[in-house]
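Q: Please take a close look at the salt bridges, and walk me through the surroundings of the residues involved. I would like one connected account rather than a list.

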Amino acid sequence: MTSRLNADSPANSLTPRRRSVVKAAAATAVLAPLAAVPAHAAEGPAFHHGVASGDPLPDGVLLWTRVTPTPDAVPGSGKGPDAEVRWEISEDKGFTRVVGRGSTTARAASDHTVKADVRGLRQATTYYFRFSVGDVHSPVGRTRTTPAHDAAAPGVRFGVVSCANWEAGYFSAYRHLAARTELDAVLHIGDYIYEYKTGEYPSAANVVRQHEPKHEILTLADYRTRHGVHKTDQDAQAMHATHPVIAIWDDHEFADNAWSGGAENHSGDTEGGWDHRMAAAKQAYFEWMPVRPSTEGTVYRRVRYGKLADLHLLDLRSFRSEQAGFGSGEVDDPDRTITGRAQLDWLKSGLAASDAAWKLVGTSVMISPVAFGSLPAHFLEPLAELLGLPKEGLAINADQWDGYTDDRKELLSHLRDNDIRNTVFLTGDIHMAWANDVPAKAATYPLSRSVATEFVVTSVTSDNVDDLLHVAPHTLSLVAVGAIKAANRHVKWLDMDSHGYGVLDVTAERSQMDYYTLSDRKDPKATSSWARSYRTLSGTQKVERADAPVR
């Protein structure tokens, strides 16, 4: 249910929905005024998991929080009484210009998470919001609406992150994004949590802080508890309290290499039915992440930033076929899908109908082909088919679009045949940073022109190649980078060594990704530094290096 705002109207009663949020914290002097938490009795209600916002619109935004009504009502416990939760939203952080208020109920059935889908706001405007139970107030959050759909927005700027493994390090990337108050939103491209038991990934010797629960998460209570722990992280709280977050899931919100009927990291014999586990994971996700309930069951949707950019967000886990084995020609099977028919048609029609200058696509796994032996496979296509080999070469990772070449071919051909320009894919998952052209036919690139570009951000903390092999940066990775770029000429830049985040700045003339790296993922006070920038000039469908980040 949405709420129409009027500062003079009585509070609206909102249907409670599953969700939680992050507690604001003083990460910087800029954030300090937002993060002050009033003192309250230890036995009374508390907002231990803070406040957040997401999925902004020109006239509205989703607000949410989690209430701990009694000390025993911890995430996943199913304990605790109902609590009436009031919310208010204001044009100033002192709440002297309140533009709307309402109320809802936090219940154990929704893990005491609540949200308000607020409408009636002004376009492209910054607002402040808070929740309260009795005389206890939550931290203050800050959010921003989008431009009107037909507005000629001069620019939009996003933080871009993925792959935040609690045990592998601290979420300093979130802290640095929280400090950048000029951002319009933060895009989280997936793997917000990880499902593993403690000490499995990374190994026990490299665990920085332990998961809760310590076992692999399987049940609704498990997933709720794991999400709740992540929302106690001070840097995550700061990011959520400062920016609206636009999120999609990848596999680890469920289990490693998840697909519609199972996952590599799921055993039906010992861990129960996959449908039950996926349903539990999705319920917890929609309770604990700022995504509108209208998308429950999936996360594919659109967010528009005026006539400058349409953001198409994909769900590449709910509908996909099982991953093919390495080197298998099954990757070319037209009956196999990564998107599902309905989602692929939705994406194609949305791209074709868009009048925005830029078509941004949030895809949790990489769409650019990365293969070895692509040229021989192309020229000897009949032999490849006879031998059951992939016709586009031996894919490195069949969990990516490389494992579902028919869907990719259909989508990229659609961009080419309909002359759809300025499509930029925004990606995470692979724990490396990339800047790629996206050719319609990789085997003949550059003769086969690029029909889109792709910016891939590295992980916030999850292990990269150096971490997995326990080697120094810029050693073994230099050989691997050279080999990948030599076999894939559309790959213009690749960083296999770093952890960090991206900042995407979009204007009518260009889309530019500035890549930032962290000094040490295991240091809670890690610094951030600019590494590289790549941009796509309007109409080119190619990436080029930029000399400096956008200021």
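A: In this predicted model, E182 is a suitable place to begin: it is partly exposed, because its relative accessible area of 36% lies above the 20% under which a residue counts as buried and does not pass the 50% over which it would count as exposed. E182 forms a salt bridge with R180, and the closest N and O atoms of this pair are 2.9 Å apart. R180, by contrast, counts as buried, since its relative accessibility is 15%, so that this salt bridge joins a partly exposed acidic residue to a buried basic one. The pair does not stand alone, for R180 and E182 belong to a network of salt bridges that also links R157, D505 and R510. The structure as a whole holds 34 salt bridges, and two others deserve a closer reading.

One of them is formed by the side chains of R317 and D399, which meet at 2.8 Å, N to O. This pair links distant parts of the chain, as R317 lies in the loop between β17 and α7, whereas D399 lies in the loop between β20 (394–395) and α10, 82 residues apart. Both partners are on the buried side of the 20% cut-off, R317 with a relative accessible area of 0% and D399 with 5%.

The other is the salt bridge between the side chains of K348 and E410, where the N to O distance is 2.8 Å. Because K348 belongs to helix α7 and E410 to helix α10, the pair ties together parts that are 62 residues apart in sequence. K348 is buried, as its relative accessible area is 17%, while E410 is partly exposed at 22%.

Helix α7 itself runs over residues 341–353, and its 13 residues should span 18 Å at 1.5 Å a residue, which agrees with the 18 Å between its end C-alpha atoms. Along this helix K348 is joined in burial by Q343, L344, W346, L347, G350 and L351. The cover over the buried residues of α7 includes the strands β16 (301–305), β17 (309–313) and β18 (358–363) as well as α10 (405–417), the helix that also holds the salt-bridge partner E410.

The loop that leads from α6 (274–288) to β16 contains T298, which counts as buried because its relative accessibility is 14%. The side chain of T298 makes a polar contact with the side chain of D315 at 2.8 Å, and it also reaches the backbone nitrogen of Y300 at 3.4 Å. Leaving aside residues up to four places away in sequence, T298 touches W249, F286, D315 and F319.

These local details sit within a chain of 12 helices and 28 strands, in which 62% of the 551 residues count as buried. Among contacts with a separation of 6 or more, 72% are between residues 24 or more positions apart, and the pairs R317 and D399 and K348 and E410 likewise connect parts of the chain that are separated in sequence. The accessible surface of the chain comes to about 19,400 Å², and 53% of it belongs to carbon and sulfur atoms.

Conventions:
Residues are numbered from 1 along each chain as its sequence is written. This is a predicted model: local features need pLDDT of at least 70, side-chain atom pairs count only at pLDDT 80 or more; totals for chains, interfaces and linings use all residues. Side-chain values use heavy atoms; hydrogens and water are left out. Helices (H or I, at least four residues) and strands (E, at least two) are DSSP runs, numbered from the N terminus. The expected span of a helix is 1.5 Å times one less than its number of residues. Buried means under 20% relative accessible area, exposed over 50%, partly exposed in between (1.4 Å probe, protein chains only). Contact means heavy atoms within 4.5 Å. Accessible areas come from the Shrake-Rupley method with a 1.4 Å probe; for residues, only the protein chains shown count as cover. A polar contact is a pair of N or O atoms within 3.5 Å; within protein, one must be able to donate a hydrogen and the other to accept it, and residues adjacent in sequence count only if both atoms are side-chain atoms. A salt bridge is a side-chain nitrogen of Lys or Arg within 4 Å of a carboxyl oxygen of Asp or Glu.
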